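Here is a friendly briefing to read alongside the structure. Take a look at the model first, and then we can walk through its pockets, its rings and a couple of its residues.

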Amino acid sequence: MSKKLLVVHSSARENRSLTRELAQIFEDSWAASGGGAVAHRDVGVNPPAIISEAWIDACFTDPAERSDAQNAVLAESDELVAEIVDADVIALCAPMYNYSMPAALKAWFDLIARIGVTFSFDLARGDVPIEPILSGKKLVVLSSRGEFGFAEGGERAHLNGLDPAIRASAHYLGADANDMVTIAIEYQEFGDARFDESVAKAQARTKDVAAQVAA
């Protein structure tokens, strides 16, 4: 059975978006390599709701005891989680905004971090009470950065709040953070030969990775 792909966009730009361009390359290579159905979620254009006290109360209410109003509050979250459950591979398009993730992407993560749905919590496990419920997903991050040197050991690694945040939340998606693939375009604000080289390398790697994970 062919694998299913979920593409999550979080760029506020609908045009001239480097992450959207990488996503299209990923999808084209995915299809050419025998990948299956593709679903899309665009939180950049259509941001999710921000969690509220009512949302938290609904999450921590036994499902059998939730009111219609509480179920309505959780409806968007249920839809987002269902998309993740249905996917085998998640292509997370995450441009770096102010050294971290776009607010809309953080809101998306907040809505899918659901106790009893994407993770369990049990103090009987001691100091590690959280355990993921979902598993077996492959996470590929397609990113862009205005500056450069954000990889481990780079001159701006200490400013990188994006990659660590995604790794820390990967288990909510059923993905192994140690197996996560990150492809990033750098030097965007410089627009020089280094940027052109970074784009070319990211595009080539995106094509290769999509072919690998589709197989």
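Does Tyr-187 count as buried or exposed? Tyr-187 counts as buried, because its relative accessibility is 18% and buried means under 20%. Please keep in mind that this is a predicted model. The notes below begin with the aromatic rings, move on to the pockets and end with two buried residues, Val-8 and Ser-77.

**Aromatic rings**

- Across the whole structure, a search turns up 6 aromatic pairs.
- One of them joins Tyr-99 and Phe-150, and this pair is tilted because the ring planes stand at 50 degrees, with the centres 6.1 Å apart.
- Tyr-99 sits in the loop between strand S3 (89-93) and helix H5 (103-112), while Phe-150 sits in the loop between strand S6 (138-144) and H6, so the pair ties together parts that are 51 residues apart in sequence.
- The two partners can be described by their accessibility: Tyr-99 is partly exposed at 33%, whereas Phe-150 is buried, with a relative accessible area of 2%.
- Tyr-187 and Phe-190 also make an aromatic pair, this one edge-to-face, with 6.2 Å from centre to centre and 70 degrees between the planes.
- Tyr-187 is buried at 18% relative accessibility, and its partner Phe-190 is partly exposed at 39%.

**A ring cluster and a charge**

- Phe-148, Tyr-187 and Phe-190 are linked into a cluster by ring pairs.
- Which rings does the charged end of Arg-194 sit over? Its charged end sits over the ring of Phe-148, 5.4 Å from the ring centre, and also over the ring of Phe-190, 5.1 Å from that centre.

**The largest pocket**

- This pocket has a volume of about 380 Å³.
- Its lining is made up of 18 residues, and those nearest the centre are Arg-145, Phe-150, Ala-151, Ala-184 and Glu-186.
- Helix H6 (162-169), strand S7 (181-185) and helix H7 (193-214) are the elements that give two or more residues to this lining.
- H7 supplies the largest share of the lining, with 5 residues.
- In terms of chemistry, the lining of the largest pocket holds 7 nonpolar, 3 polar and 8 charged residues.
- Phe-150 thus appears in two places in this briefing: among the residues nearest the centre of the largest pocket and in the tilted pair with Tyr-99.

**The second largest pocket**

- About 270 Å³ of space lies in this pocket.
- The second largest pocket is lined by 18 residues, with Met-96, Tyr-97, Gly-146, Gln-188 and Glu-189 nearest its centre.
- Its lining divides into 6 nonpolar, 7 polar and 5 charged residues.

**Val-8 in its strand**

- Val-8 belongs to strand S1 (residues 5-9).
- With 0% relative accessibility, Val-8 counts as buried.
- Leaving aside residues up to four places away in sequence, Val-8 touches Arg-41, Ile-90, Ala-91, Leu-92, Cys-93 and Trp-108.
- The C-alpha atoms of Val-8 and Val-43 are 7.2 Å apart, although these residues are 35 residues apart along the chain.

**Ser-77 in its helix**

- Ser-77 is found in helix H4 (residues 75-86).
- Is this serine buried or exposed? Ser-77 is buried, as its relative accessible area is 1%.
- Beyond residues up to four places away in sequence, Ser-77 is in contact with Trp-55, Leu-111 and Arg-114.

Technical notes
Residues are numbered from 1 along each chain as its sequence is written. This is a predicted model: local features need pLDDT of at least 70, side-chain atom pairs count only at pLDDT 80 or more; totals for chains, interfaces and linings use all residues. Side-chain values use heavy atoms; hydrogens and water are left out. On a 1 Å grid over the protein atoms alone, a cavity is a set of points where a 1.4 Å probe fits but cannot get out, and a pocket is an open set with protein on both sides within 12 Å along at least five of seven lines; lining residues have an atom within 4 Å of a point. Grid points are joined across faces, edges and corners, and a volume is the space filled by probe spheres set on the points. Helices (H or I, at least four residues) and strands (E, at least two) are DSSP runs, numbered from the N terminus. Ala, Val, Leu, Ile, Met, Phe, Trp, Tyr, Cys and Pro count as nonpolar, Asp, Glu, Lys and Arg as charged, and the others, Gly among them, as polar. Buried means under 20% relative accessible area, exposed over 50%, partly exposed in between (1.4 Å probe, protein chains only). Contact means heavy atoms within 4.5 Å. Rings of Phe, Tyr and Trp (its six-membered ring) pair if their centres lie within 6.5 Å; planes under 30 degrees apart count as stacked, over 60 as edge-to-face and the rest as tilted. A charge sits over a ring if NZ of Lys or CZ of Arg is within 6 Å of the ring centre and within 35 degrees of the ring normal.
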